[in-house]
Every structure is written in C-alpha cells, then in structure tokens.
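This report looks at ring contacts and strand pairing. Please have the sequence and the model open while reading.

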Amino acid sequence: MKSFSSLVKEEISTLNTKQKLCCYFSLLYGMMCFSSELDGKKVAISTNVENVKLFSEICDFINRKKKFEHYINGRKMSVASGIIKYSTIAEIKASVFKCQHCKENFLKGIFLLHGSVSDPKKMYRLDLSFNTFEQANQMFELLNSCGLGFKQTMRGKKYVLYTKDMTTMLIYPRDK
C-alpha cells in the first residue's frame, strides 16, 4: 500500500502546468535544484520511477519548444549543466519565475524530490529535507516570503524545513 506522501506526490506530478514553457522549466528546475551532483558537463540526480516518468514528460515538452540535452539511465536523470546554472534563490526568482504560475511549479518540483507529508487525518506535517544549511536556508527564505510558516531543524545529517499548519499546504487544486 502506498503512503499518503506517495499518493500526494503522484497527484502533484499529474497537475497541469498551464502548458507554458516557463512553467515546465520551473518544475524541472525545482526537481533538479539542490539535489543535483555535477558529473562533468551534466547535472544529475537519482530518484524514484514516478519522478523519472515526469522528468521525461517535462523534457519532451521543453524539447518541442527549445532543444536541450537530457539523459535518463534507470532512475538517474540528468541535464546539461548549462540548464541548471543558478546558485541562489535570488537568481532563481529573477531568472526563472516568468509568470504567476512558475513559483508554484518550482515548489512542486522541490516537494517531489525533497518533501514528505503525513496524512492530515492522523497529524498534519509537511517536511522538506536538504543536504546543506545553505540550501535549507534559501528555501526557508523563499517559502516564508510567500507567507508560508515554515520552521527549521536538523534530523540526523539533514536540514529540515517543516510546518504543522494546514494553511501552508503546498498542494494546489487540480486545474479544471
């Protein structure tokens, strides 16, 4: 049986991105941002099968508009390093968020790779987990600039942003 968090991620990965290039790129960037390793001329991440399928769909859409290199090898996804070239949230906001839906799609990508959520029927909690303090702090500032009430903590070697407030849910209703 799938976890509640897996079901939420499945739902998010099927949400419409308004069929705009900037929104697809924002979703791709959210998926690759903070979870990537530089491998020569590629930025790569390892993930689950569902994210690989979504990554493939995103890249197919972007390639219809603008050609760029991307690779899938099992559960490892990668793009040419020139695609993921921003190092701070300020650079991301200035360069990636082109329309009103881009930030939402970026946050969807972040949640798909870094997030988990507990079943609100039991006890609501949304977590985003990062490898470095800098990554967590940049996301903390972005989320709280959107009026979302996240807090920071450490769990093991991970820097975790979390909220127990139902009003800060990052799940958006399916477009009709």
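## Strand β8 and its partners

In β8, Ser129 has Val160 as its bridge partner. The model is a predicted one. Ser129 and Val160 belong to a longer register: strand β6 (residues 126-130) and β8 run antiparallel and are joined by 5 bridges.

Val160 has a further neighbour across the strands, since Thr153 stands opposite Val160 in β8. Strand β7 (residues 151-155) also runs antiparallel to β8, again with 5 bridges. Within this pairing, Arg155 is bridged to Lys158 of β8.

## The β7-β8 turn

How many residues separate β7 and β8 in their hairpin? There are 2 residues between the strands. One residue in the turn is Gly156, with a positive phi of about 65 degrees.

## Aromatic pairs

Two numbers describe a pair of aromatic rings: the distance between the centres and the angle between the planes. This structure holds 5 aromatic pairs. Take Phe97 and Phe106: the ring centres are 5.4 Å apart and the planes meet at 65 degrees, so the pair is edge-to-face. The cut-off behind that label is an angle over 60 degrees. Both Phe97 and Phe106 are buried.

Phe97 and Phe106 are also part of a wider group. Ring pairs link them with Phe25 and Tyr29 into a cluster.

## A pair that reaches β8

Phe133 and Tyr159 form another edge-to-face pair. Their centres lie 6.1 Å apart, with 70 degrees between the planes. Why does this pair tie together parts that are 26 residues apart in sequence? Phe133 lies in helix α6 (residues 133-145) and Tyr159 lies in strand β8 (residues 158-163), so the contact joins a helix to a strand.

Are these two rings buried or exposed? Phe133 has 41% relative accessibility and counts as partly exposed. Tyr159 has 23% and also counts as partly exposed. The reason is the cut-off: buried means under 20% and exposed means over 50%, so both values fall in between.

## Charges over rings

Two basic side chains sit over ring faces. Arg125 lies over the face of Tyr162, at 4.4 Å from the ring centre. Lys9 lies over the face of Phe111, at 5.6 Å from the ring centre.

Terms used: Residues are numbered from 1 along each chain as its sequence is written. This is a predicted model: local features need pLDDT of at least 70, side-chain atom pairs count only at pLDDT 80 or more; totals for chains, interfaces and linings use all residues. Side-chain values use heavy atoms; hydrogens and water are left out. Rings of Phe, Tyr and Trp (its six-membered ring) pair if their centres lie within 6.5 Å; planes under 30 degrees apart count as stacked, over 60 as edge-to-face and the rest as tilted. Buried means under 20% relative accessible area, exposed over 50%, partly exposed in between (1.4 Å probe, protein chains only). Helices (H or I, at least four residues) and strands (E, at least two) are DSSP runs, numbered from the N terminus. A charge sits over a ring if NZ of Lys or CZ of Arg is within 6 Å of the ring centre and within 35 degrees of the ring normal. Two strands pair if DSSP finds at least two bridges between them.
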